[in-house]
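Dear colleague,

I am handing over the structure below, and after it you will find what I noticed, with the terms explained as they come up. Please read it with the model open beside you.

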Amino acid sequence: MRMRHKKYLEQRLEACDSVNLGWLADYAAEKRGEFQKRTLDVKEIFGNENPVHLEVGCGKGAFAVEIAKRNPEINYIAVEMARNVIVSAMELTIKENVPNLKFLMGKAEYLEKFFPENSVERIYLNFSCPYPKESYKKHRLTHKVFLDIYKKILIPGGEIHQKTDNRKFFEFSIESLSENGFILRNISLDLHNSDFEGNIVTEYEKRFSDMGMPIYRLEAVNLLK
Ligand SMILES: C[S@@+](CC[C@H](N)C(=O)[O-])C[C@H]1O[C@@H](n2cnc3c(N)ncnc32)[C@H](O)[C@@H]1O
């Protein structure tokens, strides 16, 4: 049964070749201790020199598809480690015919192996897993481990835009970003009751706000390059 499931997923992924940039990492090679680096040629991929924005942990892709449609002059790459989830995002992109959006499968940990230094203008972190346990905090996408990676690939003045429903994770992020060379701005403790315009509601955002939970949002600028 599981095999059939897997085969079906492979078929769905194959049908998304036109928007799928492949794996962020060859995990088997990594395990063998082999060095791997595959720099993405974004100009060739999109056929232009437009700025590049990433979404890390894009889930089923509603946000990525909508923001790419609203901003055709930006190239978007969405990253997601769960293949059975990212496949829905790719299918939606094909259905909606969004030429400026592509996908990378895999973990954010590997971003710096694929993006040249100073090549990304903005990173979106929407409702990233909060990993509440102290022992898991290194997995939080705003931990120093990840900020060091983002700083390498972001241009000077590049930005991180974060949204979350989790207050403790938000506080952790504010502290971590401030301690690691980012300047914070436009902090909102209740996005849906603020004057922020043009918000694109993600799948998780809808779920949490329907439950009456406030949505936290911030922008962090990488000034200390
Ligand atoms: C809570 S979901 C949010 C999905 C979507 N952004 C939204 O707002 O609806 C978080 C997603 O991030 C992905 N994720 C978590 N850690 C990741 C990592 N290190 N690299 C890539 N994706 C990751 C998970 O697989 C999951 O799909």
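In sorting residues by class, Ala, Val, Leu, Ile, Met, Phe, Trp, Tyr, Cys and Pro count as nonpolar, Asp, Glu, Lys and Arg as charged, and the others, Gly among them, as polar. By that scheme, the shell around the ligand holds 10 nonpolar, 5 polar and 5 charged residues.

Please keep in mind that this is a predicted model, in which local features need pLDDT of at least 70 and side-chain atom pairs count only at pLDDT 80 or more, while totals for chains, interfaces and linings use all residues. Residues are numbered from 1 along each chain as its sequence is written.

Of the 20 residues around the ligand (C-beta atom, placed from the backbone, within 6 Å of it), those that come nearest are Gly57, Gly59, Phe127, Thr202 and Tyr204. Two elements, β3 and α8, give two or more residues to this shell, and α8 gives the most, with 3 residues. Here helices (H or I, at least four residues) and strands (E, at least two) are DSSP runs, numbered from the N terminus.

The open sheet is formed by 8 strands in the order β1-β4-β3-β2-β5-β6-β8-β7, with mixed pairing, where two strands pair if DSSP finds at least two bridges between them. Its edge strands, each pairing on one side only, are β1 (20–23) and β7 (182–188). Within the sheet, β2 and β3 pair in the parallel sense over 5 bridges, and Leu54 stands opposite Ile77 in β3.

With best wishes
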